[in-house]
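Dear colleague,

Please find below the sequence and structure that I would like to hand over to you. I would be grateful if you could read the notes that follow with the model open.

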Amino acid sequence: MTQLPFGISPSHLHAVWAYRGFILGSVKREFQSRYQNSLLGAAWTVLNPLAMILIYTVVFSQVMRARLPGAENVYSYSIYLCAGVLTWGLFAEITGRSLNVFIEHANLLKKISFPRLCLPTVVVLNAGLNFAIIFGLFTVFLLISGNFPGLAFLALIPLLAILVAFSIGLGITLGILNVFFRDVGQLFGVLLQFWFWLTPIVYPASVLPEWARPIIGLNPLANLMEGYQTILVKGQWPHWRSLWLVTMLSVLLCALGIWLFRKHAGEMVDEL
């Protein structure tokens, strides 16, 4: 049988496509349930990220007057912060949801026969929808404030593809391990907090001591975050060569996740 990248066969994709109604229905139900019984309903989808962008912009650019080293733009630190926080949020949502997706849907997995890959697909689509809304608002802010990066903005597409591949590969791998070893979920929650602060999101890597920079460089997300910040803050193309590590790890993690999934899909139902 012909194998596609990451060990996925055409039959897997065909099965997921055949259940596209189930996938889209799950995405819609989850989106609606989030704001069910709230007075403003789906308006919170816009209000929450809008409030976050406004707080970052007003507090850091006007109140604290924080500046990036070497940057004159009054909004440079706010844009730097949003570029890292928003994309980190996409990573954290995909990995966090994937970590528990099989446990949360244990009853569904036991009672209904359907392609198990539908569940991670729902996670990615939900996270992608949330990210599209919040990043769309951030893009509007860039346009209004005169800080839109221009053609370099297109470079976000491959960088986001790498981030999503890295996140889903890591998420599926940890999600399968979490079915058999529940400590994995708790441990990753702790590690995620350290990982955030070891990634140059709130601070630029240039403020770190010389000895610490090579260590931070080993963080696969550090160069990826720097790529987003280079595009959105400086309006420049990212340093593509610096992304080889995270790209390679994304491929390896996806291959590992699919391999684990194919090997243990049957055992997971018994374990849940």
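The notes below cover the overall fold, the salt bridges and the largest pocket.

Please bear in mind throughout that this is a predicted model.

Overall fold

The protein chain contains 11 helices and zero strands. Read from the N terminus, its elements therefore follow the order α-α-α-α-α-α-α-α-α-α-α, given that helices and strands are taken as DSSP runs. The C-alpha trace extends over about 60 × 50 × 35 Å along the principal axes of the chain. For 272 residues, a compact globule would be expected to have a radius of gyration near 19 Å, and the 20 Å computed for the protein chain agrees with this. Buried residues account for 46% of the 272 residues. As to contacts between residues at least 6 apart in sequence, 75% of them join residues at least 24 apart.

Salt bridges

How many salt bridges does the structure hold? There are two salt bridges. In one of them, glutamate 30 pairs with arginine 97, with 2.4 Å between the closest N and O atoms. Glutamate 30 belongs to helix α2 (residues 20-34) and arginine 97 to helix α4, so this pair ties together parts of the chain that lie 67 residues apart in sequence.

Glutamate 210 and arginine 213 also form a salt bridge, and here the closest N and O atoms are 3.5 Å apart. Glutamate 210 has a relative accessibility of 58% and counts as exposed, because the threshold for that class is over 50%. Arginine 213, at a relative accessible area of 33%, is partly exposed.

Largest pocket

The largest pocket has a volume of about 520 Å³. It is lined by 24 residues, of which Tyr80, Pro204, Ala205, Glu226 and Lys234 are the closest to its centre. Two or more lining residues come from each of the helices α4 (76-104), α9 (213-217) and α10 (220-234). Which element supplies the largest share of the lining? That element is α10, with seven residues. By residue class, the lining of the largest pocket consists of 11 nonpolar, nine polar and four charged residues.

Helix α4 thus appears in two of these sections: arginine 97 of the salt bridge with glutamate 30 lies in α4, and α4 is among the elements that line the largest pocket.

With kind regards

Notes:
Residues are numbered from 1 along each chain as its sequence is written. This is a predicted model: local features need pLDDT of at least 70, side-chain atom pairs count only at pLDDT 80 or more; totals for chains, interfaces and linings use all residues. Side-chain values use heavy atoms; hydrogens and water are left out. On a 1 Å grid over the protein atoms alone, a cavity is a set of points where a 1.4 Å probe fits but cannot get out, and a pocket is an open set with protein on both sides within 12 Å along at least five of seven lines; lining residues have an atom within 4 Å of a point. Grid points are joined across faces, edges and corners, and a volume is the space filled by probe spheres set on the points. Helices (H or I, at least four residues) and strands (E, at least two) are DSSP runs, numbered from the N terminus. Ala, Val, Leu, Ile, Met, Phe, Trp, Tyr, Cys and Pro count as nonpolar, Asp, Glu, Lys and Arg as charged, and the others, Gly among them, as polar. A salt bridge is a side-chain nitrogen of Lys or Arg within 4 Å of a carboxyl oxygen of Asp or Glu. Buried means under 20% relative accessible area, exposed over 50%, partly exposed in between (1.4 Å probe, protein chains only). The radius of gyration is taken over C-alpha atoms; the globule rule is 2.2 Å times the number of residues to the power 0.38. Contact means heavy atoms within 4.5 Å.
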